[in-house]
Amino acid sequence: MSKKIAMLPGDGIGVEVTKAAKQVLEAISETYDINFEFSTYDIGGSAIDQHGTPLPKDTVKGCKGADAVLLGAVGGPKWDQNPSDLRPERGLLGIRKALDLYANLRPVKGFKQLVHASPLKEEIIQGSDLLIVRELTGGLYFGKPSERQDNGNAVIDTLSYTKEEMERIIDKAFQSAQIRNQHLTSVDKANVLESSKLWREIVEEKRKEYPDVTVDHVLVDAAAMKLITDPTDFDVIVTENMFGDILSDEASVLTGSLGMLPSASLAENGVGLYEPAHGSAPDIAGKGIANPIAMILSAAMMLRYSFALNDEANAIESAVESVINQNYHTADLNNENGQLVNTEEMTRLIIQAIKSVD
Ligand code: ATP
Ligand code: MG
């Protein structure tokens with residue numbers, strides 16, 4: 001098997017963590033006899049510097065022609081004062097739109113070794129392991145009109161969805177539940193919102209197609225509370241754009257650090273884009289101390305969701321877990337009992353663990 005991967009390192013620690021993920025994928029390629037063909041393209045601030053635009057045409061073309069895209073992070077103080085069309089984030093929003101990435105998947109897993117890094121209690125973090133499936137291209141953030149009215153004395157934002165837009169994200173969530181633990185929690189506000197009532201009807205219709213999956217409906221306010229009081233109640237959560245935005249940031253507290261959180265953004269039949277939840281971290285860029293795990297776990301998601309290479313994805317995830325369980329940690333994780341390592345050492349430990357399993 002051979003797969004084409006477009007690499008978009010971007011800016012700051014994006015460059016350092018994509019290098020780490022590439023090394024891990026090369027180890028997978030050696031261990032499992034899969035061929036990865038990497039091509040690197042510019043995006044964000046570094047693309048502005050070299051091509052005068054945050055999203056060069058070549059980058060879009062390269063991503064569309066690839067089987068999957070791995071993205072580091074964009075942005076940094078150097079470009080903060082740029083006019084809006086020359087801002088690094090334009091590159092990120094532009095590539096998401098160009099690839100029509102409507103489904104955002106964010107797995108969250110709590111490790112007991114990392115409890116020091118989280119304000120939550122050990123009992124709550126331990127054993128939490130869930131996936132948030134968020135709709136990414138509809139709802140309140142894209143509804144028109146969104147404007148001031150009545151000379152600025154009134155405002156309107158619009159929450160709109162078509163049935164098709166809801167169906168495709170709900171389908172994606174059911175399929176994700178099937179490859180995890182067959183338990184889906186649909187989060188809405190069906191006691192108030194018309195959009196949530198239709199959402200709930202569609203979930204009820206769709207569950208007939210996935211009889212192996214158990215379904216719960218939870219109102220978003222209750223879900224927000226349960227997420228940090230009893231996260232083990234959840235396995236896969238599916239929700240619309242804004243609810244998902246808020247809940248996924250809330251859930252990130254369970255892991256202890258942004259440096260642990262991967263994400264996948266998927267299109268209907270197109271290419272998927274995989275990136276860490278964190279940004280370019282200008283405060284630590286160039287020091288070689290960034291935690292590469294979010295990016296490495298994003299590469300594992302790529303293997304699972306774009307290439308159906310589940311054994312290989314599991315191998316990466318188990319390797320990360322075993323290194324964390326041996327109490328190794330990067331600077332962001334603040335594990336008082338552990339051994340501090342840098343980006344390169346963490347990557348090497350993970351590769352070692354992958355190779356020793358086989
Ligand atoms: P953006 O606007 O791009 O989302 P941000 O302002 O939210 O960026 P991040 O770049 O994500 O910020 O960084 C937030 C904090 O977390 C910083 O102090 C950064 O150093 C730290 N951080 C983020 N990612 C990592 C990582 N992989 N390893 C270590 N520290 C990290
Ligand atoms: Mg941020």
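In this predicted model, helix H10, formed by residues 293-305, lies across four strands, namely S3 (68-73), S4 (103-109), S11 (262-266) and S12 (272-276), and runs at about 160° to S12. The strands beneath this helix belong to an open sheet of 10 strands with mixed pairing, in which the order is S2-S1-S3-S12-S11-S4-S5-S10-S8-S9. Strand S2 (35-40) and strand S9 (214-219) form the edges of the sheet, each pairing on one side only. On average, and with direction ignored, neighbouring strands of the sheet are turned by 25° against each other. At one end of the order, strand S1 (residues 2-10) is joined to S2 by six bridges, and the two strands run parallel; within this pairing, Ser 2 stands opposite Asn 35 in S2.

A further helix, H8 (residues 220-229), also packs on the sheet, where it touches strand S8 (183-188) and the edge strand S9, its direction making about 105° with that of S9. Helix H8 in turn packs against helix H9 (residues 241-251) at an angle of about 15°, the two axes lying 10 Å apart, and H8 and H9 are therefore roughly parallel to each other. The crossing of H8 past H9 is right-handed. On the side of H8 the contact is made by Val 220, Ala 223, Ala 224, Leu 227 and Ile 228, whereas H9 contributes Phe 243, Leu 247, Glu 250 and Ala 251. Sorted by class, this contact between H8 and H9 comprises eight nonpolar residues, no polar residues and one charged residue.

A second helix pair is formed by H11 (residues 310-325) and H12 (residues 343-357), whose axes come within 8 Å and cross at roughly 120°, an angle that makes H11 oblique to H12. The crossing of H11 and H12 is likewise right-handed. In the contact, Ala 315, Ile 316, Ser 318, Ala 319, Val 320, Ser 322 and Val 323 of H11 meet Leu 349, Ile 350, Ala 353, Ile 354 and Val 357 of H12. By class, the contact of H11 with H12 holds 10 nonpolar and two polar residues, with no charged residues.

Taken as a whole, the chain has 12 helices and 14 strands. Its radius of gyration is 20 Å, close to the 21 Å that the globule rule gives for 358 residues, so the chain is as compact as a globular protein of that length. Along the principal axes, the C-alpha atoms of the chain fill a box of roughly 55 × 50 × 40 Å.

Definitions and conventions: Residues are numbered from 1 along each chain as its sequence is written. Chains are lettered from A and ligands numbered from 1 in the order in which they are written. This is a predicted model: local features need pLDDT of at least 70, side-chain atom pairs count only at pLDDT 80 or more; totals for chains, interfaces and linings use all residues. Two strands pair if DSSP finds at least two bridges between them. Axes are lines fitted to C-alpha atoms, for helices over the stretch in contact, and angles run from 0 to 180 degrees between N-to-C directions. Two residues are in contact if their C-beta atoms, placed from the backbone, lie within 7 Å. Angles under 35 degrees count as roughly parallel, over 145 as roughly antiparallel, 65 to 115 as roughly perpendicular and the rest as oblique. A crossing is left-handed if the near helix is turned anticlockwise from the far one by less than a right angle, and right-handed if clockwise. Ala, Val, Leu, Ile, Met, Phe, Trp, Tyr, Cys and Pro count as nonpolar, Asp, Glu, Lys and Arg as charged, and the others, Gly among them, as polar. The radius of gyration is taken over C-alpha atoms; the globule rule is 2.2 Å times the number of residues to the power 0.38.
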